[in-house]
Amino acid sequence: MRPIFEVADVLRAGLANHEARHPLSEAQRKASNAILNCRTAALGGHIEVCTGCGTLSASYNSCRHRACPKCQWPAQVRWVQKRMGELLNTTYFHIVLTVPHALNPLFLSNGTALYNLLMRCAWETLDQLARQPQWLGAQAGMLAVLHTWGQKLDFHPHVHCVVPGGGVLPDGTWKPARKGFFVPVRVLSSLFRGKFLAALKQMRQTGGLEYHGTAAALAEDGAFRSLLGELYKTGWVAYAKAPMGGPAQVLKYLGRYTHRIAISNRRILNIADGRVTFTYRDRQHNDREKVLTLDAEEFVRRFLMHVLPAGFHKIRHYGLLAARNRATKLLAAQLELAPAPQGQSPEPGLVVTERPTARPCCPVCGSKDQVTVEVLPPKVFRANILRPTARAPPEPPALPPNR
């Protein structure tokens, strides 16, 4: 069932006011354009006629932008299908690494640099611990997915890491991890904190940081040293979920985290009088579902915070799972272990933002036998969206009965 309200509706209600106060980045502007015009006449489409009853219907193209709530399911399924050939017949661990909120101003001022640093330090930490004999003593692999949001659309950078339960020894043989255990969380958290702060300090010394907005005060040496001191004293959050039972469960996790965006259309309950009401899960109270209402402009501000910089890769493969190792170390490990189940469909159990509809049926007779009779070209894409197009498609033009 199609959601009644969409993120595009909120953008129509609050984007103009937000843009008047806060200039959009190029990435945010492109994301807004894509979401507003997704499945509207602006992107073109086609008109179909039912061969049974002659009814005409119009379908418009999708934007396929990675920030659009309506375009993630097909991309997610395609991506998961590609990953099926890289699975190992072993348990997998789900590890999450996050940074304290005190770093949020720096992240907002240095998005690309600090997102890269976050993902790099996550891998270096796990790789270093996995190579130590007391934990694993082998080269591990990791699939990392960057998320930047919390349930209330607040800014919360963290990395989801899916890690095979074992690694490759120097002689090329597979060494499994201890049952139900990969690396200790406390050691993981402490080492991750040390690596990230040391690299952050080096970036500061080489002039690699910028200070905008609430981060402006950190341009002073004293304020920056004080921040580092507090961060070294703070316990950083890192946790590992219960190990996944094998490739079938891994598919569920991959689909759940890889193509998720800040909020799905289904969570939006109402848009009225310039305010938006949506659901969220309270992590501090056993994931109880609650309701939050924000001004449309504030909702837009929070949503656009999570539009990643252009060209940034939020899904990355490391170690054993890196592209350069797939045809060598990964393949050898797959041959050594029992073959992973093949031919499974990735759909069962996936948690997605929007489910695609099947081929549209005729609204009159229900037939799926329709023929395209006209292709609608896309309209000119506007650079400034102060008057976005309506999402509802217009009525298709009437065709002669003999056509």
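Where along the chain is Asp287 placed? Keep that in mind as you open the viewer; the tour comes back to this residue. A word before you start: the model on your screen is predicted.

**Stop 1: the whole chain**

Show the full chain as a cartoon. You will find 10 helices and 13 strands. Now colour by burial if your viewer allows: of the 403 residues, 50% count as buried. Turn on contacts as well, leaving out pairs under 6 apart in sequence. Among the contacts that remain, 74% join residues at least 24 apart.

**Stop 2: two helices that cross**

Select residues 7–21, which form helix α1, and residues 296–305, which form helix α9. Their axes come within 7 Å and cross at roughly 90 degrees, which means that α1 is roughly perpendicular to α9. To see what fills the crossing, show side chains on both helices. From α1, the contact uses Val7, Val10, Leu11, Ala13, Gly14, Leu15, Asn17, His18 and Arg21. From α9, look for Ala296, Glu297, Phe299, Val300, Arg301, Phe303 and Leu304. Sorted by class, this contact has 10 nonpolar, three polar and three charged residues.

**Stop 3: along α9**

Stay with α9 and hide α1 for a moment. How many of the 10 residues of α9 are buried? Eight of them are, so the helix is largely enclosed by the rest of the structure. The buried residues are Ala296, Glu297, Phe299, Val300, Arg302, Phe303, Leu304 and Met305.

Pick out Arg302, which lies in α9. With a relative accessible area of 18%, Arg302 is buried, because the cut-off for burial is under 20%. Beyond its neighbours within four places in sequence, Arg302 is in contact with Lys152, Leu153, Leu292 and Leu294. Next, draw a distance between the C-alpha atoms of Arg302 and Phe155: the viewer should give 7.6 Å, although the two residues are 147 apart along the chain.

**Stop 4: two loops with positive phi**

One of the contacts of Arg302 was Leu153, and that is your next selection. Leu153 is found in the loop between β4 and β5. Its phi is near 70 degrees, a positive value in a residue other than glycine. Is Leu153 buried or exposed? At 0% relative accessibility, Leu153 counts as buried.

Now for the residue from the opening. Asp287 sits in the loop between β10 (275–282) and β11 (288–295). Asp287 also has a positive phi, near 60 degrees, and is a residue other than glycine. At 31% relative accessibility, Asp287 counts as partly exposed.

**Stop 5: the nonpolar cores**

In soluble globular proteins, nonpolar side chains tend to be buried together. To look at this here, select Leu103, Leu106, Phe107, Met142, Phe182, Phe196 and Leu200 and show them as spheres. These are the residues with the most contacts inside the largest nonpolar core, which has 51 residues. Each of β3 (92–98), α4 (104–109), α5 (111–131), β4 (141–149), β5 (155–164), α6 (185–205) and α7 (221–233) supplies at least two residues of this core. The largest share, 11 residues, comes from α5.

There is another core to select, separate from this one: it has 35 residues, including Ala8, Ala31, Ile271 and Val307.

Go back to Met142 and show what surrounds it. Leaving out neighbours within four places in sequence, Met142 is in contact with Ala122, Trp123, Leu126, Cys161, Val162, Val163, Arg316, His317, Tyr318 and Leu321.

**Stop 6: Lys30**

Select Lys30, which is in helix α2 (residues 26–37). Lys30 is partly exposed, with a relative accessible area of 49%. Add Ala310: the two residues are 280 apart in sequence, yet their C-alpha atoms are 9.4 Å apart in space.

**Stop 7: the cysteines**

Finish by showing the sulfur atoms of Cys63 and Cys68. The sulfur of Cys63 is the closest cysteine sulfur to that of Cys68, at 3.6 Å, too far for a bond. Cys68 itself is buried, with a relative accessible area of 0%.

Then move to Cys71 and Cys38. Why is no bond counted between Cys71 and Cys38? Their sulfurs are 3.6 Å apart, too far for a bond, and Cys38 holds the closest cysteine sulfur to that of Cys71. Cys71 is buried, at 9% relative accessible area. With a disulfide requiring sulfur atoms within 2.5 Å, the count comes to zero disulfides.

Note on methods. Residues are numbered from 1 along each chain as its sequence is written. This is a predicted model: local features need pLDDT of at least 70, side-chain atom pairs count only at pLDDT 80 or more; totals for chains, interfaces and linings use all residues. Side-chain values use heavy atoms; hydrogens and water are left out. Buried means under 20% relative accessible area, exposed over 50%, partly exposed in between (1.4 Å probe, protein chains only). Axes are lines fitted to C-alpha atoms, for helices over the stretch in contact, and angles run from 0 to 180 degrees between N-to-C directions. Helices (H or I, at least four residues) and strands (E, at least two) are DSSP runs, numbered from the N terminus. Angles under 35 degrees count as roughly parallel, over 145 as roughly antiparallel, 65 to 115 as roughly perpendicular and the rest as oblique. Contact means heavy atoms within 4.5 Å. Ala, Val, Leu, Ile, Met, Phe, Trp, Tyr, Cys and Pro count as nonpolar, Asp, Glu, Lys and Arg as charged, and the others, Gly among them, as polar. A nonpolar core is a set of buried Ala, Val, Leu, Ile, Met, Phe, Trp, Tyr and Cys residues joined through side-chain atoms within 4.5 Å.
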